[in-house]
Amino acid sequence: MTELSALFHRAAEIAAQHREGLPQAPVHAAEPMTWLHRLDRTMRDDPTPADEVLSELVDSFTPGLMATAGPRFFGFVIGGALPAATAADLVAVGWDQCAFNAVLSPAAAAAEQVAASWLLRVLGLPPGCSVGFVTGAQGANTTCLATARHHVLAEAGWDVERDGLGGAPVVRVVAGAERHATIDRALRLLGFGSAVLEPVAAKADGAIDVGRLDAVLASGRAGPTIVCVQAGNVNTGACDDLLSACEVAHHHGAWVHVDGAFGLWAAASPATASLVAGLDLADSWSVDGHKWLNVPYDVGFAICSRPQVHADALHYTAAYLTGQERPQPVLGDLVPESSRRARGFTVWAALRELGRQGVADLVERSCTLARRFADGLAAGGAEVVNEVVLNQVLASFGDDERNDAVVEAVQREGTCWLGGTTWRGRRLMRISVSGWSTTEADVDRSVEAVLRVAGRTG
Ligand SMILES: *Cc1c(COP(=O)(O)O)cnc(C)c1O
């Protein structure tokens, strides 16, 4: 074995051992301060051999690892990474391809193209859509809203890429009150400012009130307008009524963007597809790969119904670049980055490993396990606050203070990890189920741990 081969074998072995230990290990990390002092924080002058670097890396950072890839992490909707998707990413790192465009890596470009077409089929989106492989839903929201900004202003005769927003026609941005905070950050980054946002009241479950959406759109002036709706509220899992929202928004001439970071995956299963019926009517969509599809970080998709508009909003080139010639949009025209890792391989592998049925099963199983979690907690005397329509559960054990204390104690106990949230003015426990490896036994063990910890938390 060559030195390089031995090094890579060791690295893969370390990753595999970590993964295999996850079902038994506590989910929390060691407290940061108990291990941070051990790190040598002075940068050395001399080089270090690669195998020593690997040993030091493992010794230094292992105590701080969270078992987010394991079966009992319910803190955010982030899932674990599937075996084939992880292996593909390991290989992709070894291949070290730059996915800027097909000249720089024909393989990376092909993988993104194939994965994109599979993705559109799984989500039930029109096959002609463009898909930018971005870092996550934040990147996708920003990219899609840049595309929307380009389109609505171009329709008003304004070239925002050239002339910016100073003196531009006013763009109205209307979104549900329960939108994700990354929509606001995207508006900040795009120069709209978050105050531009006209919020629309949500219903009790957090989904947008479409009647109110109609009223808000009718009350302001007609002109360039972007409407942001959502599939998958981070607290309740509720999805906006996309069919009605798209009809209403399009009636007012607006561009409709769907933030479906995790919720859009409801489309992949017949059991949940009705929650996102009408999603194909929208103009752009954000969805994550690293959440419910269980691919490694950082993978998200900025999807647009009009590839040319998508590319017009983001295209750039320079004298030294090749493969960026117009008019056909190329990979680099669909994302805000230039050099980036080849995310197509891991997405291709995840979709290949699961197949269409496997994606549907993963979504369905997560929802069934979320209901099992809710039922178990309710049977133990907890209050389940939301209707469990997807993979999200909100639970309460008493007042705000008690709920925060229970969440913290559960995190410390280590059987599982889940977080707290504020919903309708109340502090609650928030449980998200999205990992491919989570079983009924994991949920039952976690319910038992939560109830046990809650029972002794005053
Ligand atoms: C997680 C999430 C985001 C942000 O996604 P990242 O991948 O972390 O950037 C945006 N919107 C919703 C609804 C989310 O759940």
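This report covers a buried serine, the ligand surroundings and an aromatic cluster in a predicted model.

Residues are numbered from 1 along each chain as its sequence is written, and side-chain values use heavy atoms, with hydrogens and water left out. Because the model is predicted, local features need pLDDT of at least 70 and side-chain atom pairs count only at pLDDT 80 or more, while totals for chains, interfaces and linings use all residues.

**Ser286**

Ser286 sits in strand β6, residues 284–288; strands are DSSP runs of E with at least two residues, and helices are runs of H or I with at least four, numbered from the N terminus. The relative accessible area of Ser286 is 0%, so the residue is buried (under 20%; exposed is over 50% and partly exposed in between, with a 1.4 Å probe and protein chains only). Its side chain makes a polar contact with the side chain of His257 at 3.1 Å. A polar contact is a pair of N or O atoms within 3.5 Å; within protein, one must be able to donate a hydrogen and the other to accept it, and residues adjacent in sequence count only if both atoms are side-chain atoms. Not counting residues up to four places away in sequence, Ser286 also touches others, including Ala137, Asp259 and Phe301 (heavy atoms within 4.5 Å).

**Ligand**

Of the 14 residues around the ligand, Gln138, Asp259, Asp288, His290 and Lys291 come nearest (a residue is near if one of its heavy atoms lies within 4 Å). Three polar atom pairs are listed below.

| Protein atom | Ligand atom | Distance |
|---|---|---|
| Ala137, polar backbone atom | oxygen | 2.9 Å |
| Asp259, polar side-chain atom | nitrogen | 2.7 Å |
| Asp288, polar side-chain atom | oxygen | 2.8 Å |

The ligand on its own has 380 Å² of accessible area, and the protein covers 83% of that (Shrake-Rupley method, 1.4 Å probe).

**Aromatic cluster**

The whole structure has 8 aromatic pairs; rings of Phe, Tyr and Trp (its six-membered ring) pair if their centres lie within 6.5 Å, with planes under 30 degrees apart stacked, over 60 edge-to-face and the rest tilted. Phe73 and Phe76 are tilted, because their centres are 6.4 Å apart and their planes at 35 degrees. Phe73 is buried at 8% relative accessibility, whereas Phe76 is partly exposed at 46%. Phe73 also stacks with Trp417, at 5.4 Å centre to centre and 15 degrees between the planes. These two residues are 344 apart in the chain, Phe73 in the loop between α3 (50–61) and α4 (83–95) and Trp417 in the loop between α13 (400–413) and β10 (419–423). Trp417 is buried at 16%. Phe73, Phe76 and Trp417 form one aromatic cluster.
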